[in-house]
Amino acid sequence: MTEPVSWPQVSWPTVKRPLIAILRGIRPDEAESIVGTLIDSGFELIEVPLNLPEPFASIERLSRRFGKDCLIGAGTVLSAADCARVADAGGRLMVSPNVDADVLAMAQARRMVTMPGVFSPTEALLAVRCGASALKFFPASVLGPSGIAAQLAILPKDVVAGAVGGVSDKNLAAYAAAGIRAFGLGSSLYRPGMTASEVRDTALASVRAYDRAMTEGTAS
């Protein structure tokens with residue numbers, strides 16, 4: 001019996017602040033100005049969900065202009081074919097709402113950083129077994145910091161756990177205290193129609209919240 005192809009795990013990147021900007025609803029013609037503002041504010045991880053208008057055009061533009069400055073990629077990646085399209089557009093980050101072995105295999109073959117969505121210990125352990133770079137606990141607002149912390153107790157100590165869904169500058173510290181190491185920020189950071197100036201304000205609030213959480217965590 002032929003052994004399945006095994007790709008080496010792609011590690012979670014070393015960044016100053018593991019804040020993931022989830023730009024749901026962004027248009028290609030505004031993507032560069034919004035992401036430029038986010039980068040200037042301290043963001044290094046950018047996610048363009050695929051369930052919006054012309055996501056691949058946005059990813060291609062962003063990768064071409066900012067690919068050397070930050071990690072650009074896609075969210076809501078539901079098929080291996082879409083994962084390949086993201087990679088072809090220059091994306092290097094694959095985020096999904098679920099654990100799909102075929103999608104993860106494609107992403108690893110294309111040397112992409114992966115963050116599949118998990119909710120239960122079964123899903124979390126499966127994602128680890130599939131070589132995920134990090135875990136996206138989603139929706140975090142349902143699990144809460146304590147629910148995620150309980151699952152971290154049975155996961156490998158080096159697992160990078162991320163919280164997505166209901167995370168904002170207002171509650172980021174609580175998730176950090178629970179052991180979360182990456183934070184996906186959606187509507188609290190960007191909503192369709194926001195200007196670059198408005199995004200700068202929300203981005204800086206998130207950066208300040210993260211820095212404060214890290215300082216307080218170190219002090220304690």
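A21 of strand β1 stands opposite L185 in strand β9. The model is a predicted one, in which local features need pLDDT of at least 70 and side-chain atom pairs count only at pLDDT 80 or more, while totals for chains, interfaces and linings use all residues. Residues are numbered from 1 along each chain as its sequence is written, and side-chain values use heavy atoms, with hydrogens and water left out.

**The sheet**

Eight helices and nine strands make up the chain; both are DSSP runs numbered from the N terminus (helices: H or I, at least four residues; strands: E, at least two). The nine strands form an open sheet with parallel pairing, in the order β5-β4-β3-β2-β1-β9-β8-β7-β6. Its edge strands, β5 (113-115) and β6 (117-118), each pair on one side only. Two strands count as paired if DSSP finds at least two bridges between them.

Three of the pairs are listed below.

| Strand pair | Sense | Bridges | One bridge pair |
|---|---|---|---|
| β1 and β9 | parallel | three | A21 and L185 |
| β1 and β2 | parallel | three | I22 and E47 |
| β8 and β9 | parallel | three | V164 and G184 |

Strand β1 (residues 19-22) is covered on both faces: L19 and A21 are buried on one side, and I20 and I22 are buried on the other. Buried means under 20% relative accessible area, exposed over 50%, and partly exposed in between (1.4 Å probe, protein chains only). Together with helix α1 (residues 28-41) and β2, strand β1 makes a right-handed β-α-β unit. A crossover is called right-handed if, with the strands pointing away from the viewer, the path from the first strand over the helix to the second runs clockwise.

**The cores**

In soluble globular proteins, nonpolar side chains tend to be buried together. Here the largest nonpolar core has 60 residues, and those with the most contacts inside it are L23, L38, F43, L135, F137, I148 and F183. Such a core is a set of buried Ala, Val, Leu, Ile, Met, Phe, Trp, Tyr and Cys residues joined through side-chain atoms within 4.5 Å. Apart from the largest core lies another, of 14 residues, among them I22, L45, L93 and V160. Not counting residues up to four places away in sequence, F43 touches L19, I20, A21, L38, L185, L189, A203, S206 and V207; contact means heavy atoms within 4.5 Å.

**Helices α2 and α3**

S58 is placed in helix α2. This residue counts as buried because its relative accessibility is 0%. Its contacts, leaving aside neighbours within four places in sequence, are I26, R27, P28, A31 and V48.

In helix α3 (residues 80-88), the buried residues are C83, A84, V86 and A87. Seen down the axis of α3, these residues fall within an arc of 155°, so they line one face of the helix; the arc is that of the directions from the helix axis to the C-beta atoms. A81 and D88 are exposed on the other side of α3. The cover over the buried residues of α3 includes α2 (55-66), β3 (71-75), β4 (93-95) and α4 (101-109). After α3 comes G90, with a positive phi near 105°.

**The chain as a whole**

Of the 220 residues of the chain, 51% count as buried. The chain has a radius of gyration of 16 Å, which agrees with the value near 17 Å for a compact globule with 220 residues. This radius is taken over C-alpha atoms, and the globule rule is 2.2 Å times the number of residues to the power 0.38. Among contacts with a separation of 6 or more, 60% are between residues 24 or more positions apart.
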